[in-house]
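Work through the following exercises with the structure open beside the text. Each task is followed by a solution that goes step by step.

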Amino acid sequence: MKKIDRETVQRILDTAEIVDVVSDYVNLKRRGSSYLGLCPFHNERTPSFSVSKAKNICKCFSCGKGGSPVNFVMEIEQISYSEALRYLAKKYNIEIKEHEMSDEERERESERASLFAVNEFALSHFESNLYDTADGRDIGLSYFYDRGLTDASIKKFHLGYAMEQSDDLLRAATSKGYNVKYLVDTGLCIRTEQGRVYDRFKGRVIFPVFSVSGKVIAFGGRTLKKDMAKYVNSPESLIYHKSNQLYGMYQAKPSIVKHDKCILVEGYMDVISMSQSGVENVVASSGTSLTEGQIRMIHRFTENVTVIYDGDAAGIKASLRGIDMLLGEGLNIKVLLLPDGDDPDSFSRKHTSSELEQYIRDNEIDFIQFKTNILLQGVENDPIARSKVIADIVRSIAVIPEPVTRNIYIKECSRRLEIDERIVSSEVNKQVKALAEKAAEKRLKKAGNESIEELSQQETADSEKEDEARREKDIETALRNAETISGTGRFLRPYEKGLLRYVLRYGMLDLCDSIDEQGNTVPVKVIDYIAEELKIDDLTFTNPDIILAFNEAIKASRESWSSDCARNDSDLMERRSRYIAEGEAKLRETETDIATIERKEKLIVESADAKFQEGKDNFAMLYIEKALSSHPDDTIRNITLELVADKHVLSKVHTKYAHVETDEERLGELVPRAIFEYKDAILECRIRKLHDDLKRVASSPDADPEEIRALMEAHVQLQRLRGEFAKYLGERIINPRK
C-alpha cells in the first residue's frame, strides 16, 4: 500500500478552496466577506455555519465543528485524513504521487477505505454485467428499457445487474484481491452460520446508493421474479446509515440549489423517471419513514419541499407524520396529490418535462389544505371524528418553530375549518408549551447520560494517537510540568491559549528589530519573539494540545517557510509585472498627453507595489494557521480552529467613519503584554504552591521551624518579585517594527 507524498499533499492543500468544498454539502449565502449556511453537523434552523474564504476555514459557532477543506471533508464524510486528501485530489483533478507505506502506516489505514473500495468494485461489476453479459442485456437491460429508461439515465444513476449465480460477485472480487471480510461487512455478501458465503443481490437489477459527495455506500436490488421479496437492500454498515441518506441526492443537489426546492418521492424509479423527464431536483426516502437525518440533509440545500403522494389514501394517512417532521425542521411544505392510479414514475412517463413542471406548479397545495382534505374525507358529519382531525392539524401547526409562520397557519386553519381563531391559537400554544417541556426533559436526560461516555471516547481517541514518538515526548513534558506545579494546567490554559493564538494568527509577521553580533539590524518575527521569551526563563507550556500546536508551528516556521515564501514572492512579482503591463497598455490606448501618462504610470507602479506588499503580509499572517488547520493530527487541527475562527466581524457601517485599530497594528503592545501576563500567572501558581506547602508544614505536629522560615522567606521573595513584575508589566512596551 502507498502513501501520498508531501509535495502532492501540499498541492492539494494549496488548491482546495473552502467555499467550493463546503458548497458541495451546504447552500451558502454571502454575508459580508464571509459565507453563512446551516450547519451540516447538527440540527439547526438558524444558520450559524460560517465559511471564511480569506482564512480558508469554516466553523459552526453552535456545535464547534469545521476546519480547513481537508478537515471538513473528514468530518462530513467520516473518513481518514488520507482519504480526505484523495477526495480533494479527485475533485480538483490533481495527480497523486505516492511512496510505499511502512508496516506501521499500513496498519493505521482506515477500514472505511476498504469498504468504499469493495463497493466501488461492485458498482463497476454490476454495471459491466448489465451491458457486457447476455443475462444482463436480456433480463436487466430489457427491464429498464421496458420501464422507459434511456441509456443516459441508466448511466447517470449507474444502474446494474447482479448475475443469477450465487457467488458471481464473490468470485470476481476475491480474484482481484478483495477481502471476503469487507464483502460481508458492506452487505454485498452474506455469511451463513455454517460459514458459507454467497451474494446478497443475485438475480436482481441494481440501484446504487451514493453519499452526497458521490461515494457509493450501499445498493438496492429488485427481483423480477414473483415468488421472492421484491426489494433487498444493503444493511447498515460502517459507511452506510440508512436514516441519514436520501436516494438521488448526489444527482439532485445542483438542481435543488438552482431551483431552491426539493421534491420528495418514495422509490428509486420515481426519482429516475422524474429526472429523465427533466425534473431533476427530486430525491426519495427509499420506501422508509422519513427521518430527522434525511430532513436535515434536505435543509442543507433548501428550505422548500414538495412532497408527492399517489392516490392511495390509506398510504397517505400512514405517512403524514413525515410532514410534521418537515415542519418541525422549519421547512416550507407543499403537498402534491397525483391522480388515482398514478405514481411519480408512471405519471412522469406520460408527460413531457414542461407538462410535469406545470402540473406541479398548478396542483401543489399547503399542508393544512392537504391534511384537511385527506383527514376530513367521510367524517364531515361526525363531530367527534371532526374534532380529532382538528386536533391533529393543531399538533402539526404547533411543531412549526417560527412564531410568525405559526400565526399565519393558525389564521388559515381557523378560516378553513370555520373555528374561532382564539380557540385555535389557545390550543396551539398549549401544544407548543408541552413540546418545549418534553424537549427540555429529553435534553436533561441526554446531558446526564453523555458525560461519562464522552470522556471514555476521548480517552480512547487519545490513546490511539500516542503511537507517534514526538507527540509522546511532548505530552510527557507537559505532564511533568503539570506535576511540578500542581494544578497549574487549567489555571494557565487561558494564558497559553492567548500566546498560541498570536503564534497562529500572526506568527510569521515581523514584530520588532534586534541587533545581531555583527551589529546588523535583524527583524524578529512574532513566533521567534515568543519562543525566545519562553527560553530566557526556561518555560514550557503545560497543556499537551498547546505544546503540540506550538511545536508544529515552530517546525513550520523553520522547515518550510523559506521555500514557501520564495514561491509566493515569485507569484506576487509575476502578478505585479502583469498588473503594471496591463495598466500601461490601457493608458497608451486612452491617454495622449505624455505628462499625464508618466503621472499615471507612477500611480500604477505605486498601486502594484502596495498590492505586492499586501500579498506578502497576508501570506505571512495566514501561513501558520493554514498549515496547522490542515494538519493530519486531530488535536492540532482542533485547537487551531478554536483559536483562529472569528465569530464576529466589525460591520462596514461601524468602520466607515473611523479607523478601528486592529490587533495586527498593535502587536508590538499586545504580544509582550501576553508574555508578561503568562509569566505573572506562573508566579501566581508558584506563590499558591508555596502557600499550600507552608500551611501543610505548619500544621504538622513535628514541624521544622527552619523549613517554615525558609518557606516564608521564599513566599515573601516571590510576592516582592511579583510586585516588581506587575510594575514592569505596566511600563514595558516595545517599539513595533514599521
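**Exercise 1.** In this predicted model, determine whether Tyr 247 and Tyr 268 are buried or exposed, and then classify the geometry of their ring pair.

Solution. Begin with accessibility: Tyr 247 and Tyr 268 are both buried, a class that requires a relative accessible area under 20%. Next, take the two quantities that describe a pair of aromatic rings, namely the distance of the centres and the angle of the planes. For Tyr 247 and Tyr 268 the centres are 4.6 Å apart and the planes stand at 65°, so the pair is edge-to-face, given that an angle over 60 degrees falls into that class. Then place the partners: Tyr 247 belongs to the loop between β13 (231-233) and α11 (249-259), while Tyr 268 is in helix α12 (residues 268-276), so the pair ties together parts 21 residues apart in sequence. Finally, look at the surroundings, where ring pairs link Tyr 247 and Tyr 268 into a cluster with Tyr 143, Phe 144, Phe 157, Phe 207 and Tyr 231.

**Exercise 2.** The structure holds 24 aromatic pairs; classify the one formed by Phe 121 and Tyr 178.

Solution. The ring centres of Phe 121 and Tyr 178 lie 5.0 Å apart with the planes at 40°, so this pair is tilted. Phe 121 is part of helix α6 (residues 111-132) and Tyr 178 sits in the loop between α9 (168-175) and α10 (180-185), so that parts 57 residues apart in sequence are tied together. As for accessibility, Phe 121 is buried at 16%, whereas Tyr 178, at 26%, is partly exposed.

**Exercise 3.** Locate His 158 and Asp 538, and describe the backbone and the accessibility of each residue.

Solution. His 158 lies in the loop between α8 (151-156) and β8 (160-161), and it has a positive phi of about 55° although it is not a glycine. With a relative accessibility of 27%, His 158 counts as partly exposed. Asp 538 is in the loop between α24 (526-536) and α25 (544-559), and its phi, near 55°, is likewise positive in a residue other than glycine. Asp 538 has a relative accessible area of 69% and is exposed, since that class begins over 50%.

**Exercise 4.** Which rings have Lys 91 and Lys 155 over them?

Solution. Lys 91 lies over the face of Tyr 92, at 5.7 Å from the ring centre. The charged end of Lys 155 is placed over the ring of Tyr 131, 4.2 Å from its centre.

Conventions:
Residues are numbered from 1 along each chain as its sequence is written. This is a predicted model: local features need pLDDT of at least 70, side-chain atom pairs count only at pLDDT 80 or more; totals for chains, interfaces and linings use all residues. Side-chain values use heavy atoms; hydrogens and water are left out. Helices (H or I, at least four residues) and strands (E, at least two) are DSSP runs, numbered from the N terminus. Buried means under 20% relative accessible area, exposed over 50%, partly exposed in between (1.4 Å probe, protein chains only). Rings of Phe, Tyr and Trp (its six-membered ring) pair if their centres lie within 6.5 Å; planes under 30 degrees apart count as stacked, over 60 as edge-to-face and the rest as tilted. A charge sits over a ring if NZ of Lys or CZ of Arg is within 6 Å of the ring centre and within 35 degrees of the ring normal.
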